[in-house]
Amino acid sequence: MENFLVYVLGLVLLNFPTDLVADVIVPSTNPLAVGSNVTLNVVPQSPINIGTWSHESTIILFVYPTGYSVTDIYQGRISFNRSSSELFIRSLQLNDSGQYILQGFEPSKKTAVTLIIQEPISNVTLRANTIDVVEQNDTVILTCSASSGSSPSYRWLNGSSLVRASDIVRLVDGNSTLILDNVTRYDKGPFKCEVFNGISNETSQPIYLNVRYGPTNLTMRIIPEMTTGHTAYRTGSDITLSCSAESVPPASYMWRFNGASLENPSPQLSLLNVTENQTGSYTCLAHNNVTLRFALLTRIIKVVEPISAVTLNHVGKLPILDQSFTLHCEVTGPVDRIYWLKNGQLISLNNKTLFYMDNNTMVINSIQFSDSGEYYCEAVNAANNLTSKAYQLVVNFGPERPAVTSLDISMTGHNVTFSCSASSQPPSQFSWFFNGSQVATGSVYEAGPLTLASQGEYTCVAFNNVTGRNSTASKTLTVVAPVTMTMIKVEGAQPILNKTFSLTCETTGTVFSIQWMRNGLLLHDDETTQFSTDNKTLTFNFVQHSDNGDYKCSAFNPFSNMTSPDYRLIINFGPEMAIIAGPALGETGHNMTFNCSASSQPPSQFSWFFNGSLVATGSVYEAGPLTLASQGEYTCVAFNNVTGRNSTASKTLTVVAPVTMTMIKVEGAQPILNKTFSLTCETTGTVFSIQWMRNGLLLHDDETTQFSTDNKTLTFNFVQHSDNGDYKCSAFNPFSNMTSPDYRLIINFGPEMPIIAGPALGETGHNVTFNCSASSQPPSQFSWFFNGSQVATGSVYEAGPLTLASQGEYTCVAFNNVTGRNSTASKTLTIVVPIISVAISTSGGQAVEGDSFTMTCNVIGQPVSIQWWKNSILVHLDNTTHISMDNRILTFNPLQQSDQGEYKCVTSNGVNNRTSNPYTLLVNYGPEQPIIVGVAIAQTKQRVTFNCSASSQPPSQFSWFFNGSLVATGSVYETGPLTLASQGEYTCVAFNNVTGRNSTASKTLTVVEAIKSLTVNQSTIPIASANLTLTCDAVGIYDTIYWTKNSLSLDLSNTLNTGIIISNNSLHFVPVKVSNDGIYQCVAINVFGPYPSPQYQLLVNYGPLSVNVSLQGPMRNGSEVTYTMQCYADSRPTTEYHWKFNNQSLPETGPSMVVVKSLKNAGIYTCVAINPVTKIEMSNTISLDVTGHSPAPPFLSRVCLMLILLALSHTL
């Protein structure tokens, strides 16, 4: 058989044309898994008469004009579709990878596609060099591997996020190793690696990193929170300070008060029943005993006594419009400020509102309506604020000019109500006058029942018995009589279309105006409608249909109106054009109805005529049962007995008979393929048209189907398979139609060319089955012949067990006993012997990189082809990989790491194929350049860990050297605690005891001394306008120092910070100002980050800036009358107060002093304020004039005194 194939291929190649057709092979899937199936589709689909399908250099099948032949190695594994050239391959193996070629010789074409067969990924594992790390200090190496799977690729995930390479993330060894330099807290994972190829993927179990970090983001929460607007807590409060920081492991905490440590190693500090001496700075320190890092945060807490009571009262008389009014605020407890509010809004000082006695007293000059409202006073100190109860201020006034409300006009017999109102506080009293005579009291006066004598002027007088004022207003009332009757009357004859017609509106009572309406809409003069001068008469000129409707007239005066009942106007007319409704066609035996109508008022009378003879009266006429004699002209006459007019209309009726029978009949012989055949449609009744249908669709004339002139006969010229189907004919006239029953047409044909299904190759000892089929009506009978001799009958023939003598030609004959025709097809069967076993042997010794290495494929049997596969992919030949002429020997010279893998040799012939057991080639190599993972810089007393790794087979052994001296063995080396002497070069040496090679890598470690302490010191006590220097004292090595204020970097460009100079780690205030108050820190920075000092609170001492002295009183205390002097000065710290009287020192101290009213205490008082820190002294004075406050004599005493003086003057 092989010689036959070679011979045929030779003949084909001698005649092989050069004009190739460009087709494309599209696999159903690619790449594919071992054991799966694939279909190779040729696009566009096209058959080939002669050609081959090949895998690399091995022929899969040969196609020839009468069939195709599959080589033995692919028997049972492939299916081929001749019509599309599609190839189907079952149970794919790794050795099925490679190029598949479709070579067409007739027609000419050549196209190829490469299939990749892969093993699935399995048993993915993930390893880490360490999982316990310190943020920004340590490096983690994650290694991913899979126990099996071809052409693996790697993908890394941190949680659900894809890991990508960056400055601190490295992916090496083909992405199978992930290196995280200087890990952060966000690197805790879970880390997973996904290994995938073209057919599968698998993800490892997760690894979590234990990242130790912090403390960072230190926060302090104070409970309760400070009340909005206050800066201090009340004495007796319970305060809890809670400190928290981001830290793993959790941080330990310490507390300081004003710089002194507290015995409270907890994140929470409780202050119970606080007093004023607990005011100060509280500092929280957080420390991580693993990372050896710390953070601190300071807050200021102030404690003061609260305000306990606030009351508000008026002083003197009640508020009266345009007079002064005084309110006084009494406070119990220390007060910083007093605010006054009106209706919830703050009151500010203005020309009419004045404040006295440190805002305790408010005076409103010339009180107005706008001053009405709710007044409060609010006392404030640092701990709390307290507001008095509301004082409701109402201003007395009035009355203003009254307002009188009532009707201006009314009808006799009705009542009228007058209402009077005037703005006044308290409310006014009212009196009523009619034409000058008093008629009633009170704000409301009702007059009536009215007569014409009730018309005149009504006056209201408003009186305020508090202000003694009165005010008046008047109103005039007019009285009239009502309309009592309205009705429409007709003038002249009844309304006739296109004639004149009039309506009159009759009324009783005083009428000022009349209006007309039709159907509820107001009427106006136009070309056809006119009104009389007083609107009483409505005239229609040539009345029209549009004038139909309901008419009303309405009469009006200023006090009443009346509308007439409806008058309905209907116009007489017609008849207009008559209309007949009914059919133009009728069927014998049926009845027919005609309807006649004509527009008319009153309605018309109707008469019917048939062909000129009267047949009926009335608007409806029914004719029937119809006969052919009923056909003719029907006329309707409409008559109006009022107008004397008539109108006529006519309609013609046609009568016909129905169709009663339709049937299809066959003309001539039965239907035979490619012969003429006719069908006839037989009918009974009057037929106007005939239609033919096949399978429910209308038929039309074409090249193969023709109709007779009257459509009764349907003729098929050379009947075809496409003419099979169910046929009907339908007959029609204008009144009825009928469709025939179905006639089913079936065409006799065949047999056509048989098709033999079965293999072209067979293996000795096996059976083969051939199936024969041929298209035919009726079905064919089959016979089988082997090399010309009959061997069986029927469509299926099984041959076997096969021997070499079974090789030859098998022929199927199909016969149709109706058409008397037969048709034959043949198939050639080739018998071959199988391959028995395949094994791989090697040249001996271990495989070492750089040496030569040989593998041999040992085969028992006669292979047609031998292929070598590595990791399920066909071995690629290059300058270092060679293969012998017969493909049996595979040589690597020199051997490389990339040659490592699983090898198989695959053999095949025409009937079977065998694959050797896998041989795993493990290449010894290395070590390659080591990688050292570890920090490059560290602080004294820290420990540093170095990790060394090198690619090597077998794995390397490691040694560590420091500045040339051996210090340790193993891949991991930990130093420490570090000193400055630990600085230098650390070298890792990797050694492979198989290859005898070593490789080195070095890393330089820089050690810097850690910052031990940092403090802020002041040069002197801070006093406003004096110079001050803050110095940052640091113990340890640092790169730079910067300053912060209130936790923000100190910005010297800010106008609040003018006069501040930074020089040599010192902060110079030239001079220091109150605006410089705040919390200051200096921060030292080295390579390990910022190191802040404890907080330093700068409070600048100043003042006193001014001294204010006020006098409160007089106040009666029993039998004594006293005054209180208040002194206040703006100062830090609070000033000390001393008092002088007429420039003589007094023993009293403090901001206030009480003086008893007497002549000896009248004089000049001086308040002296002294700041104990700044030593600044200021003073202010106030005069106490006792005589100015003597009580005035009673009014009667003053009158008597004036009379005595007058009498004495006359005597003298």
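## Overall form

A compact globule of 1212 residues would be expected to have a radius of gyration near 33 Å, whereas the protein shown here has 62 Å. This value, like every other in this report, was computed from a predicted model. Taken along the principal axes, the box that the C-alpha atoms fill is roughly 190 × 145 × 45 Å.

The secondary structure consists of two helices and 113 strands. Of the contacts in the protein with a separation of 6 or more, 61% are between residues that stand 24 or more positions apart along the chain.

## Surface and interior

The protein exposes about 62,900 Å², and carbon and sulfur atoms supply 52% of that area. Of its 1212 residues, 40% count as buried.

One place to look at on the surface is a nonpolar patch of about 220 Å², which is made by Val24, Val26 and Val43. Val24 belongs to strand 1, which covers residues 24–27. Because its relative accessible area is 47%, and partly exposed residues are those between the limits of 20% and 50%, Val24 is classed as partly exposed.

## A residue in strand 43

Ala440 can be found in strand 43, which covers residues 437–441. With a relative accessible area of 19%, Ala440 counts as buried, because the limit for that class is under 20%.

Which residues does Ala440 touch, if those up to four places away in sequence are not counted? The answer is Ser431, Trp432 and Tyr445. Another residue that can be compared in position is Phe430, which is ten residues apart from Ala440 along the chain, and the C-alpha atoms of the two are separated by 8.8 Å.

## Disulfides

A disulfide is a covalent bond between the sulfur atoms of two cysteines. A search of the whole structure finds twelve disulfides, and three of them are described below, beginning with the one that joins Cys243 to Cys284, where the distance from S to S is 2.0 Å. Cys243 lies in strand 23 (residues 239–248) and Cys284 lies in strand 27 (residues 280–288), so this pair ties together parts that are 41 residues apart in sequence. The torsion about the S-S bond of Cys243 and Cys284 is about -110°, and the disulfide is therefore left-handed. Both Cys243 and Cys284 are buried.

A disulfide also joins Cys420 to Cys460, with 2.0 Å from S to S. Here Cys420 sits in strand 41 (residues 416–421) and Cys460 in strand 45 (residues 456–463), so the parts that the pair ties together are 40 residues apart in sequence. The disulfide of Cys420 and Cys460 is left-handed, because the torsion about its S-S bond is about -85°. Cys420 is buried, and Cys460 is buried too.

A further disulfide joins Cys772 to Cys812, again with 2.0 Å from S to S. This pair links distant parts of the chain, 40 residues apart, since Cys772 is in strand 75 (residues 768–773) while Cys812 is in strand 79 (residues 808–815). With -90° about the S-S bond, the link of Cys772 and Cys812 is left-handed. Are these two cysteines, Cys772 and Cys812, buried or exposed? Cys772 is buried, because its relative accessible area is 5%, and Cys812 is buried as well, with a relative accessible area of 0%.

Technical notes. Residues numbered from 1 in each chain as written. Predicted model: local features only at pLDDT ≥ 70, side-chain atom pairs only at ≥ 80, totals over all residues. Heavy atoms only, no water. Patch = residues over 30% accessible without salt bridge, like charges linked within 9 Å, V, L, I, M, F, W, Y side chains within 5 Å. Areas by Shrake-Rupley, 256 points an atom, 1.4 Å probe, with all protein chains shown as cover. Salt bridge = Lys/Arg side-chain N within 4 Å of Asp/Glu carboxyl O. Helix = DSSP H or I, 4+ residues; strand = E, 2+ residues; numbered from the N terminus. Buried < 20%, exposed > 50% of the residue type's maximum accessible area, 1.4 Å probe, protein only. Contact = heavy atoms within 4.5 Å. Rg over C-alpha atoms; globule rule 2.2 N^0.38 Å. Disulfide = S-S within 2.5 Å.
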